[in-house]
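Here are some questions about how terms are applied to a structure. Each answer sets a value against a cut-off.

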Amino acid sequence: MMAAGTEAPDSWYLALLGFAEHFRTSSPPKIRLCVHCLQAVFQFKPPQRVEARTHLQLGSVLYHHTKNSELARTHLEKAWFISQQVAQFEDVKFEAASLLSELYCQQNLVDSAKPLLRKAIQISQQTPYWHCRLLFQLAQLHTLEKDLVSACDLLGVGAEYARVVGSEYTRYLMTSHQFVTVMCECLLSHRCSCRNSAAHFHRALFLLSKGMLLLMERKLQEVHPLLTLCGQIVETWQGNPIQKESLRVFFLVLQVTHYLDAGQVKSVKPCLKQLQQCIQTISTLHDDEILPSNSADLFHWLPKEHMCVLVYLVTVMHSMQAGYLEKAQKYTDKALMQLEKLKMLDCSPILSSFQVILLEHIIMCRLVTGHKATALQEISQVCQLCQQSPRLFSNHAAQLHTLLGLYCISVNCMDNAEAQFTTALRLTSHQELWTFIVTNLASVYIREGNRHQELYSLLERINPDQNFPVSSHCLRAAAFYIRGLLSFFQGRYNEAKRFLRETLKMSNAEDLNRLTACSLVLLGHIFYVLGNHRESNNMVVPAMQLASKIPDMSVQLWSSALLKDLNKACGNSMDAHEAAQMHQNFSQQLLQDHIAACSLPEHNLISWTEGPPPVQIQAQNGPTTSLASLL
């Protein structure tokens with residue numbers, strides 16, 4: 001809440017403002033009384049400066065603490081209109097413009113937000129902090145609309161402006177801001193959360209932001225030299241310690257997510273370790289040291305508390321890809337606990353984005369570890385979060401249907417899986433996600449056994465030997481596995497072995513443990529069918545060991561069945577009995593989880609393929625597939 005200071009010394013104004021702030025900061029906040037006190041200011045017919053500031057205060061309180069967005073909008077529009085008529089009133093003028101444009105976007109009035117931001121940018125050139133912040137805000141708006149060219153142009157303007165006003169920090173942020181947007185949707189959230197700076201800080205921020213957008217556009221030839229430059233700027237930074245570490249976190253997040261996007265799980269480890277060490281360092285620093293001499297340096301690219309959650313998030317992403325699922329669970333729990341604390345004090349949309357992305361990854365972990373019922377409930381939780389935000393749903397609809405498709409596979413509802421994947425393909429334009437969906441849809445067609453035309457059409461589009469659609473190492477390895485799986489089902493065992501050995505070579509190179517386990521057990525199955533029991537055992541035993549380490553319930557079930565048959569064929573009755581007992585235990589666990597999942601009302605989500613997520617889910621009578629078909 002802003003005080004009027006010398007602008008409105010009247011005792012009535014100071015008293016009302018004091019009461020309003022008291023009610024706003026009460027525990028719990030008394031927002032209705034706060035609003036009444038602020039509204040009472042207008043009864044005294046105050047001067048324009050007080051009137052505009054009060055409209056801004058009312059709009060801010062209503063926007064952040066109530067659902068009355070129309071009234072908040074009215075007050076913010078009045079604050080913006082009146083403040084333009086008052087000289088030297090920049091803080092109120094530009095804060096009103098910034099907040100009003102946020103509200104317009106929330107109400108899907110993007111065509112109202114854009115001209116507002118453009119005008120505010122035009123008249124804020126003598127106010128560096130607000131000029132930079134408004135440029136970021138408009139760039140964010142273009143990014144959310146997938147207009148990356150316009151966003152890049154704005155960040156270029158910002159980088160040049162930062163150079164002119166001598167803010168290297170902001171220039172750096174503008175350059176790198178683009179890539180994290182694609183990976184985490186959250187990094188265009190510059191706020192006045194840190195007031196420490198040095199001369200190069202903003203230049204660096206603009207540069208990082210631009211690099212992020214170039215990565216979104218897959219312009220890798222332009223990105224690599226830019227990231228190299230950013231790395232040099234960070235290392236030679238001589239400014240405020242917390243800003244230096246903040247830049248390093250931003251830079252390392254870009255590098256880590258770039259590696260993960262390329263499926264290079266092993267190669268990313270040194271960068272990820274640096275990032276984790278960096279966030280430990282920054283958490284020990286205090287951000288109330290000195291005010292910057294340059295007003296363009298008044299904000300962080302992301303609050304320190306949000307950075308901690310972001311590092312947890314990329315750690316979960318890495319653990320999921322590498323197959324360290326217990327580690328992924330541990331960091332997800334920590335991140336979600338931190339998010340719950342932050343959301344009690346902060347209504348930033350970033351936090352919901354973080355939460356959704358964390359849930360998306362942990363849901364995939366649950367499906368692998370044999371906790372389908374929990375995964376389904378978490379899918380429902382993602383649906384509820386998306387119901388609260390149209391923009392969040394727009395950004396995650398394809399991922400949500402993909403998760404439902406994976407769940408459908410796990411409970412053997414193949415028709416529903418096909419419908420979910422088809423819906424997801426229709427909703428996404430992201431090449432990596434598209435390739436992931438097509439790979440899983442191909443596995444559905446292979447298991448159905450009678451969709452040859454559709455299957456071959458898909459396989460032509462994800463041919464790992466030529467013209468593979470993305471640069472992801474992990475997805476290309478998975479495409480080889482799918483080819484091997486198809487050849488196995490068709491009885492072309494030598495061809496299957498060639499594809500699976502290629503998968504093993506690629507997965508071992510980058511520590512892709514789940515693909516390694518799946519390839520080993522399938523190779524073991526092929527050797528068993530061919531009568532080569534010794535070679536089969538050499539494949540199945542390490543597959544079982546790796547699957548237990550992940551842990552991957554399906555591969556454990558498969559491996560234990562093969563070990564039972566192998567030991568029986570070799571006359572090892574005790575080992576065969578032990579393997580049979582393991583197989584029985586895994587079967588029982590899967591059966592119980594299968595029944596629990598299919599009995600949940602959320603199971604009916606598998607039929608949802610159109611529009612926003614259903615608000616109410618009807619109860620399910622019971623499981624629709626048998627254990628025999630499941631296994």
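Q: What makes the contact between the side chains of Asp511 and Lys269 a salt bridge?
A: This is a predicted model, and in it the N to O distance between these two side chains is 3.2 Å. The cut-off is 4 Å, so the pair counts as a salt bridge. Asp511 sits in the loop between helix H24 and helix H25, and Lys269 in helix H14, 242 residues apart.

Q: Why is Lys269 called partly exposed?
A: Its relative accessibility is 31%. Buried would need under 20% and exposed over 50%, so Lys269 falls in between.

Q: How do you know that Glu378 and Arg366 form a salt bridge?
A: Their side chains meet at 2.7 Å, N to O, and the limit is 4 Å. Glu378 belongs to helix H18 and Arg366 to helix H17.

Q: Why are Glu378 and Arg366 called buried?
A: Glu378 has a relative accessible area of 10% and Arg366 one of 16%. Buried means under 20%, so both residues qualify.

Q: What does the salt bridge between Lys372 and Asp593 tie together?
A: The closest N and O atoms of Lys372 and Asp593 are 3.2 Å apart. Lys372 is in helix H18 and Asp593 in helix H28, so the bridge joins parts 221 residues apart in sequence. Both Lys372 and Asp593 are buried.

Q: Why does Lys93 have no salt bridge?
A: The nearest side chain of opposite charge, that of Glu90, is 4.6 Å away. A salt bridge needs a distance within 4 Å, so this pair does not count. Lys93 is nevertheless buried; it lies in helix H5 and touches Trp80, Ser83, Gln84 and Ile123, leaving aside residues up to four places away in sequence.

Q: How do you know that the length of H5 agrees with what is expected?
A: At 1.5 Å a residue, its 17 residues should span 24 Å, and the end C-alpha atoms are 24 Å apart, so the two values agree.

Q: What makes H5 mostly covered?
A: Of its 17 residues, 12 are buried. These buried residues pack against helices H3, H4, H6 and H7.

Q: Why is there no disulfide between Cys598 and Cys413?
A: The closest cysteine sulfur to that of Cys598 is in Cys413, 5.8 Å away. A disulfide requires sulfur atoms within 2.5 Å, so the two are too far apart for a bond. The count by this rule is 0 disulfides. Cys598 is also buried, because its relative accessible area of 0% is under 20%.

Conventions
Residues are numbered from 1 along each chain as its sequence is written. This is a predicted model: local features need pLDDT of at least 70, side-chain atom pairs count only at pLDDT 80 or more; totals for chains, interfaces and linings use all residues. Side-chain values use heavy atoms; hydrogens and water are left out. Buried means under 20% relative accessible area, exposed over 50%, partly exposed in between (1.4 Å probe, protein chains only). Helices (H or I, at least four residues) and strands (E, at least two) are DSSP runs, numbered from the N terminus. Lys and Arg count as positive and Asp and Glu as negative; His and the chain ends are not counted. Contact means heavy atoms within 4.5 Å. The expected span of a helix is 1.5 Å times one less than its number of residues.
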